[in-house]
Each structure stands twice: as structure tokens, then as C-alpha cells.
Amino acid sequence: MNVDLQINNSASPAAKFVSWSPAPCRIRITDPSGASSPTVNLQISGISSTSGGAVVFRSGATGSFSNSLTIAVPIDGTSVPFFAAGRFGRPSVSNGDVKIEARLGTKLVGSAHLMVRIRKNANTLTAAERDRFVSAFAQLNNQGLGRFADFRSMHTNVSSPQAHGAPGFLPWHRAYLLDLERELQAIDPSVALPYWRFDRPAPNIFNRDFFGVSDSLGTVQFSATNPLQFWKTDGVQGINRRPFFATSVAPPGLRTETQTLALGTQYAAFRTMEGNPHGTAHTSFGGSISSIGTAAKDPLFFLLHCNVDRLWAKWQKRNARFDAAIGASFDNSGGNPIGHNLPDTMWPWNGITGGQRPPTAPGGTLAPSPCVGAPGLQPRVRDMLDYQGAIGAGSRLGFDYDDVQI
Amino acid sequence: MRGNEAASLQSESEFGAFVDRLAADPSRCAHLTELLREDHAVYRERGAAEIVRMRGWVLLAIARAGVSEASLIFLLEELDAGVDPYLVAAAARALRSYPRPTDALAPFVMRALNNIRYRDLPVSFEVYGDYARSTDGTSAVRELLATLVWLGPLARAVIPELLVLRAQAARSRKLHEDIDRTVQAIHGADEAPGPGTHSCCEMTPSAPTEETSWPIGQRRSMKPVETVMLEDQEGELIPFKDFFNEQPTIVVFFYTRCDNPMKCSLTVTKLARVQHLLDAQGFADRINTAAITYDPAFDRPARLRVYGQDRGVRMDARHRMLRTPDDHAALCNHFQLGVNFVESLVNRHRIELFILDAAGSIAVCFERLHWNEHEVVRRAIQLLREPRCSADPHSQSASTCSSSTIPGRANSPVSPVRRSR
Amino acid sequence: MARKRKAARKSTGARKATKKKGSVKATARRAASIAANSKRTVRARVAAAAEAPLALCESDKDLQAMLNVLRDRSEPVKVRLAALQSIQAASFSTVAFESCRGDYIAALRSIADDPDPELRQRVLGLLAREKDGYAQKKLLDGLKDPAKALVPPEKALQLLSYDVHGQAYSAAREIVRRPPSEIARREALRLLAADATAAPLFEKLLRDKKEQRDIRQIAASALQALDPDKMQKHAREILLDKADYADIKATSLTALAQFGDEEMIGKDKALMRSVDRLSTGKTPAKYKQSASRFLSKFGQ
């Protein structure tokens, strides 16, 4: 007997990635030999490598998860749905380091390797995770010729009103990071965007093998094996970044995570974090990252914003703010500029140019994912809130943070 | 114009004084317009910031001397696609010296307002090259609003847009107040602004346009550049005459390091839209398109390809991104490109699009202002339908073709035809 | 009834939002007030400035007070730097900062020649990233005439590199010819990496074994952008050259791994042998790992 297992309801290897949010899966019997009844009970369980990810299961859209699941599967080839999710606290460290097995009794009848792909603290990545991420990022930049040029062009002085100083700040950047992450995953699917937890020391980020060491001038130096040494933006080589703090400690003056999460239970209050810690994190340096028009030239920008997004995610979880219909989840009180209202599509993915929007829309539509359908090619502000699919399973965006549970 | 006189000026202060002399001399103030041409020798080997200072001073001089029809297009160009607050402010101020305003000017002012509002800076017009270090003086937004006030009832059509801008500037009380005053002034004005009193130049009442066209027989043939080698985004080499031949071609100029999003990036993005329109109308195989870089040393094939791809440009045998590996100067001369350089890098350029006919001769030129994709396609299709000349298509002299065979076009003298908007 | 309750909840929610945002605003305003108060301690003012960005976007009075602190040369430098950072953080909120921008840039220009070198450097950096003509002129004047220099030449070059349309190339070439310091030469070369005509210079530097490692690394990166085919050729030759240093070999390997023609590399037996030597020889572990990854990527 043989079975076929689909993760994210897809046979594609590119879809074999899950996060903490339940991913729809299917099992069907492809070869029923040995079956003696119209349905057989198959046991599904997760097998993890030593430090690899772990998965849990449930049969329906609701209910608790367990380490294994017994499913009655017809032998006529009809597929049966179930749900798999990463077990919180056990993310993968490499692609395929966890396996789902299907057994009929003790006999193995099918398996699928997958990855519990999670956004992690950049300071605690393994060397292999770090190197894969850096390599993918350098390829995306491709010494100025890669798709990264579009991401750089999306975040300039011209476009900044689309994304800053108004309620759409957090949703826009969530979409921006997601777009970039999906492009990185098209290069190496094992990569997830890590975050720079800026209210804590992160010496492992600021070294030559990762995001570089700045000299007294602010020129960032990389090791000879680090492909970021070829980083180019706007036709100019290298990265200018001068920390105003010792990188063995956290920058001073930043609101801590606790303080940020305590800003308020209403979005209108929480989004003031745009000033501090977000703005303060940016301006803890001299160099590109400290000015809005040049910030995206520095790849550290994306790790900084990943932490901003993580703080929002944590706040959402703590205060149950995934539902756009609840006033406290967003600041839709009126008078917001275009692109900052819940029903608005967001530039540049909407392709709208001129008038109140910038003259061009670099990058085209938002990158699709083989794992999830949301938020669509031209996301609206409201599509970025329910990133875990807490309100609607179809809203799941396919990412999670290592310390934000569902 | 005493081009040599201007070109010989070494320092900015000499230039500033020269411009002041021109502005003060009614018999010479028309030469100020010549100084706004990007390819003027005075701008060679100057950095972009220096050119901003120089051009801004010329615009302010024109504001004092009076705006002619010839200089109006430069002001509108700055409002249409400018991103430097000093130049936009100077252009807005100069516009108020135009003696025959029409309601066609208000949309330009409004467009500039939308472009510049988040990048506004205080500017100083007191002394050449001055930079404001306080906000006591003026700014691009203030000058633009003042120009709308000056337009008065001619600006009524943009009031809705102004109110949208006001609504979006919720936190900017000052901008709120400025816009309120402007709207009040526009509503309250009974008459359009009158003619100026100190224009030194002849005026014609027609609105400016970005398009120039030449009838068959009066077009610049490709003979001087037919052997210039072009390299496309795949590294394929092709002589000019082999690509720009047998069917009309729409040609734009750009460079990948242009940092004005209203110019090159938008130009190439619009070229992609032109390609879609051609395709939709079934002309993609009958009308070529080309984007040629001003910066061939830096914009090598891989860079051309990526730039085009990122903007949705179709690239194949009939649609190419091109550079001139060797004879770039010949191309610049042939097209009389509005561009200048500091070393190999572009320091200033205008928006320019050409349509070459099936013989590779320059038939239509859109310059300075943003061109309309539909209009460009329409003109290219027109060229496709015009008869081929019986005489040597490479001849620069008047051919035996009759321009009356072109519908709606009367026989015209040697000078090019300017279409009214 | 349910609809009425929902409406009531919404309105309570809206009131709560207003109240909480109001208290956040009030905190920010208090912080701005402390930061601007010369009677408070430096430490208290610096700490308060970090909490002030929200207030600066919302209150012209608070913004002007903070700008006054920034401009006031009699204020302690630490407080002025904190004020600068606070305003800068606020500037990220573009829409909210719209009406403040003019005052901000004007204030920066007014202190570009401040006596404090750190403040000068930060201010010129901020202006340079805005491609501000005033700052560019100051920096270029300083390169031409050291007596007018507001920052060291290497810093001026670094800041001028934010705008390729500046006129810094000739100054950079002069500094490469006659460097006042190694670091200035290095920054001049980094700036020239955007000069399309500089490829021959970088070829020469890349192959010069007497050059410093970081210079050869800049040369490698510059050449990869300006003339990728040449860089790939030189990268290969460096790897084959038994007499060249391990660190430049590692850079060359990275260039080939990231940007090389995979098919050609896979067939290049001589190259593979050289990389194999790198993976087993007396080189740092990191370089060996890089070489091993290269070999497994390209088929061995």
C-alpha cells in the first residue's frame, strides 16, 4: 500500500513548508494493495531529526493539536483533509529536517519531508541558517542587478508617504517584508527573514560573517567569504552604517519590547511605536539606514523592520487584534491618506501611479507563495492583519515568529 | 546667442553675473532661454547640484525679464517633472511673469504641488547660489500656491484636487491655512490675470506643446549614423541602419542611474505601456520600439536587460534596450539630444521621445513634457500608413513625396509643424 | 439590540483609543518639554528626547523648541545630539512630518559648520543623504581646499557617494594619486567604483599583490560591477595563482560562486583543482569551508 501526502494541499515540493498556523494537508491512498476494507485507519505522526523541527496535527479546522492522528482513509483514492502545524518552540533549522509519516499499523506506507519555517532572532541563527540567508540575500541583490533593486526603489523619499506617518505604516511594511521574503524563498526556500531584536544585544549580527563590522568611518567590512561584500545599490558599492553604540550591547534610548507592547491596547496608541522604537532604532546609526530615503540600501533595514513587525504580531496576539472589523485593530477613524485605510490597495503592488501615488510602481504585484493564497497579488491594508489566519483560515500569510504563538 | 561667451564662464559667480546682465538688457534677455537648453556648453563638466543653481538663477532672471513663448515650455517642464524644490519654486515664480495665462497652466502647477509637497524645502532667491537656512522666506509649495492665486479663476478646475490635498494634510495646519487662502483667492477673483508690462519678446497666443513633427522630405535622415553600432540587452551588436529600418520605430532615451523618478524610470515604464497598446492594436510586429541609454559606459547589456525587465518592457528582435559602445557622440548629435555630462555621467537631461519613419528618418519628436502613450501610438501608426518616398530615402533634401498625401496636413514650409494641444 | 450593543462597543472602543493615544501623546509632549528644558540634567534631557518623536510631529511648538536646542551652540553637545536623533526619528513619519521638514532642513544647514565635529558629521550626513546641494557644495569645497574642510576627506568622499551626480570623481582620482591617508584612498576608490571608466584601475589594483586586502576586495567588487567578464577571468587566475593570498582567493571564490557561469565553472578542471587545494591546504577553516561548498555546488 502507498499513500500520497500533500502539504498545503499541494504536491509541489515548494509547498512543503509550515509555520505555527495550521496548514491544510491531504492524504490519499495511491496503491490500495493489501487493504481488506473500503477504508483503512492510517496513523500520521511527525519524526524530527535531532535538532530539527517538530509538527503536530489535528483533523479539523478547530480543536486541539496532538503529536499523532488517526485518519480513516478510503481506498478508492479519495483524499482526506487534515491539518499540520509546527509545534511551537520547535522550528526547523534546515529544509526537510522533519518528516510526516503515515503508517498502517506498523507498516510505513508514505512519508513527506517538510520544514517548519519560522522567522527567528537573527542573533541566534545557526551558522548554516545565517549563511543560507546571506547567500540568498546577496543573490537577490546580484551586485546591483538583481530584483533587490525594486525593493530599494519601493522605499524612497518619493514613495514614503505611502508607508509612513499614518496608520498604514505597519501593514505596508508587513507586505513589503513578505514580498521580499518570498523572493528570497524563490532563491532558497529554506530561508525565512530573521529579525534584529534591537532592544537586546546582538553581537552575532554585527560581525564580518553576517551583517558586517563598521569601521570608524562607518564603512561596513565583510569577511572574504561573505557574499555581501559585493552588495551594491544605486550603482554604488558597499554599505555605510556607523553605529552610535557598541554593537555588543543594545542601542540606548529604545523602548523595550515590554514598553512597546504596553503603549496601549488600541491600534491608534500602539502605532506610535513608529517614532520609538522604530524611528529610534533607525537613528541609532549614521549612514544609509538613518534616513528614510536611503534606509533600504542597507540590508539591515529588513531585519530591523522584521522586529517591528514581530512587535506588532505580538501585540496583535496579546490583544486579539487580528480582526479588521474590530475598531481597535486598526485606526480607520477617517482622514487617512490614500493607502492608509483598511479597504485601500497598497502601492506599489496595486500598480497605481500618478496623482496621490508615486509616478512608477516598481516590482509589480506581490510575490505569490506556493504555500498560501493570501494576501493576493494586490493586497489591501486589511489583508495584512490576520497573518495567522486566526479569523479566516484563508487569510494566513505563511509566516510566523519564533516567539509569537498562535 | 553668444554661446561662446557663456561657455567660457568658469565660475558660478561669473555665470550668475552674466545672467543678471542679460536680464537687465532688453535687447538680450531673449538669450536667457538659450541658457535653459540642457546641451548648452555652459553645463559641460558641471555637477548636478551646480546645474540646479545655474538653471534656477536663469529662471529667476526670466521671471524679471518676462516669459516668452519660447521659455514657457521650460517652466512647464520643470513643473511637470521637476523634483528639486529650488527649480520648481523658481519656475512657479517665473510663470507669474507670463503675459497670456490660460487655464491650461493650472494642471501643471497642481502636478508640481503633488510632486513636491513631501519634499518641499525653504529656498532663497536673494543671491546667486544661496541656500535658505531658515523658513522665513519662500518655498516651492508657497510659490506654487501663489501661482494658483495669480491664475485666479483660471485655476478653478484644480480646486477639487487642492481640497483633496488639504484633506490629506491633516496634520499640517500651516498647509491647511495656505490652501484655504489660495482657494478663497481663486474663488474670489473676478478676472484672469492681465498681461505683463515688461516682456521683451514676441508672444503668440497658442499653448505650448511637447510635440514637433516633420513632413516627408524635411526629415533628418539616418545617413550620418547609419553605421553606428548598437548593442542590445543580450549583447547582440546591430548597426543603426539595420534596426531602424523598414518600419517605424518609437525611441526613448534614458539611463539607469537617473534619480528623478518623473523622468527615466517613468519613461521606460511608459514605453512598456506603449508596447502593450501596440500589441493590443496588432502593431507590435509592425512598429519597433527602442530605449537607448545616455550612459553607455555604465549601462552595459545586463544592466539594460534588468532595468527593462523591472519595468515590464518587452524585449525581442523588434523591441530592444540599446547602448552605443563606441560612437555615442554621433548619436547625441544626430538626435540633438537634450543631455549633458560630467565626465561620462549624465548631469541633466530632458524627457525625449522620437518616432522614426520606415526609412529611419526622424519624423516626430516629443520633448520636455510627459508624452501621452495613446498619442505616441497614434502618431506611430500614422507613420506606418504614410507612403514610402520614391526618391532615395536617405536623402536629406526635399524629396518627390507630396506631403499633401498625408491626410489633414497642408503643404508646409521647411520649418517643423507644432501641434496645438 | 445586538446592533445597539455593537455600536456602543465601537464607540467605547473609539473613546478608549482616543484616551490611550491621548496619554501616549501627553507622555511625548512631557518628554519634549523636558528635553528642551535647560534646567534639567543632561541625562534626563537625553532620555526624554528619545520619547519625544511623536510630539514633534504633532506640535509645532515642541518641534521649534527641539530645533532651538539643536541650533543652540551653548547647549551641551549630548543634548543637541539627542535632539537631533529625536527629530530624525520623527522624520520617518513622513505624512505626519510634512509640515516640519522645511524647518528641519533649514536648521541642519544652519549648523553644518558647527564647532562640534560629531554634530557636523551627522548633520552633513543627513543632508548628503537628502542630496542637498548646500551640503554637497560644502563637502566639495573642503576637498578642494583643506582649510575649508568640515569633515576629513574620507568622510567627505563617503558622503558625496550618496549622489553619483556630484562632481566628486575628479577629487577622488586626485586622492588616489596623492592620498592624504590610506583610509581616504580607500574611500576614494569606493566612490570611483561607480565611475564606468575606472575598470582598468580596478583591474590593476586587484592583481597587485602588494595592495592591502581591503583595497583588493574593493577592486574585486568594483570590477564585478563595471566589467563582470573581466572580474570572472581575474578571479579564476587568482585562484590558480599559488603565490596569491588566501583572503583574495576567498573573495575570488565568492565572486565565482555568486556570479559565475555555472556550466563553464563545472567544466574547468584546473580551477577545480585549485579550489580543492584551497579546501585542504593551510588556510583558515572558514576559507576551507567556502572552498568545500564551492566544490560540492559545482559538481565535485
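**Exercise 1. Backbone outliers in chain A**

Task: in which segment of chain A does A:Pro375 lie, and which residues does the cis peptide bond with omega about 0° join?

Solution.
1. A:Pro375 lies in the segment after H7 of chain A. The model is a predicted one.
2. The bond joins A:Ala374 and A:Pro375, is cis, and has an omega of about 0°.
3. Another cis bond runs from A:Trp347 to A:Pro348, with omega near 5°.
4. A:Pro348 is likewise placed in the segment after helix H7 (300-319) of chain A.
5. For context, most peptide bonds are trans.

**Exercise 2. The open sheet of chain A**

Task: what is the strand order of the five-stranded open sheet in chain A, and which strands are at its edges?

Solution.
1. The order is S2-S9-S8-S4-S6, with mixed pairing.
2. Strand S2 (17-18) and strand S6 (68-74) of chain A pair on one side only, which makes them the edge strands.
3. Begin at the S2 edge: S2(A) pairs with strand S9 (residues 107-116) of chain A in the parallel sense, over two bridges. Within this pair, A:Val18 has A:Val116 as its bridge partner.
4. Next, S8(A) and S9(A) run antiparallel and are joined by seven bridges. A:Val98 stands opposite A:Leu114 of S9(A).
5. S8(A) and S9(A) also form a hairpin, with two residues between them. In its turn, A:Gly105 has a positive phi of about 70°.
6. Then strand S4 (residues 39-48) of chain A meets strand S8 (residues 98-104) of chain A in an antiparallel arrangement of six bridges. A:Ile44 is bridged there to A:Ala102 in S8(A).
7. In general, strands of a sheet pair through backbone hydrogen bonds, either parallel or antiparallel.

**Exercise 3. Positive phi in chain B**

Task: where is B:Gln336 found, and is B:Gln336 buried, exposed or partly exposed?

Solution.
1. B:Gln336 belongs to the loop between helix H14 (328-335) and strand S9 (339-342) of chain B.
2. Its phi is near 50°, a positive value in a residue other than glycine.
3. B:Gln336 has 14 other C-beta atoms within 10 Å, so it is partly exposed. The limits for this class are 20 or more for buried and 12 or fewer for exposed.
4. Apply the count to B:Glu343: with 14 other C-beta atoms within 10 Å, B:Glu343 is therefore partly exposed.
5. B:Glu343 lies in the loop between S9 and S10 of chain B, and its phi is positive, near 55°.

**Exercise 4. Nonpolar cores**

Task: how many residues does the largest nonpolar core have, and which helix gives the most to this core?

Solution.
1. The largest nonpolar core has 340 residues. Those with the most contacts inside it are A:Ala84, B:Val109, C:Ala35 and C:Met66.
2. Helix H4 (residues 48-65) of chain B gives the most to this core, namely 13 residues.
3. A second, separate core has five residues, including B:Val83, B:Met262, B:Leu266 and B:Ile351.
4. Take B:Val109 as a sample: leaving out residues up to four places away in sequence, B:Val109 touches B:Leu79, B:Ala92, B:Leu144, B:Thr147 and B:Leu148.

**Exercise 5. The contact of chain B with chain C**

Task: how many residues does each of chain B and chain C bring to their contact, and which element has the largest share on the side of chain B?

Solution.
1. Chain B brings 29 residues and chain C brings 24 residues.
2. On the side of chain B, H4, helix H10 (173-188) and strand S10 (345-349) each supply at least two residues.
3. The largest share, four residues, is from H4(B).
4. By type, the chain B side has 14 nonpolar, seven polar and eight charged residues.

**Exercise 6. Helix H8 of chain C**

Task: what span should helix H8 (residues 117-129) of chain C have at 1.5 Å a residue, and what covers its buried residues?

Solution.
1. The 13 residues of H8(C) should span 18 Å. The end C-alpha atoms are 18 Å apart, so the two values agree.
2. The buried residues of H8(C) include C:Gln121, C:Arg122, C:Val123 and C:Leu124.
3. The cover includes strand S15 (285-287) of chain A. From chain C it includes helix H5 (77-91), helix H7 (101-110), helix H9 (133-144) and helix H10 (153-160).
4. After H8(C) comes C:Lys131, with a positive phi near 55°.

Key
Residues numbered from 1 in each chain as written. Chains lettered and ligands numbered in written order. Predicted model: local features only at pLDDT ≥ 70, side-chain atom pairs only at ≥ 80, totals over all residues. Core = buried A, V, L, I, M, F, W, Y, C linked by C-beta atoms within 7 Å. Contact = placed C-beta atoms within 7 Å. Nonpolar A, V, L, I, M, F, W, Y, C, P; charged D, E, K, R; others polar. Pairing = 2+ DSSP bridges. Expected span 1.5 Å × (residues − 1).
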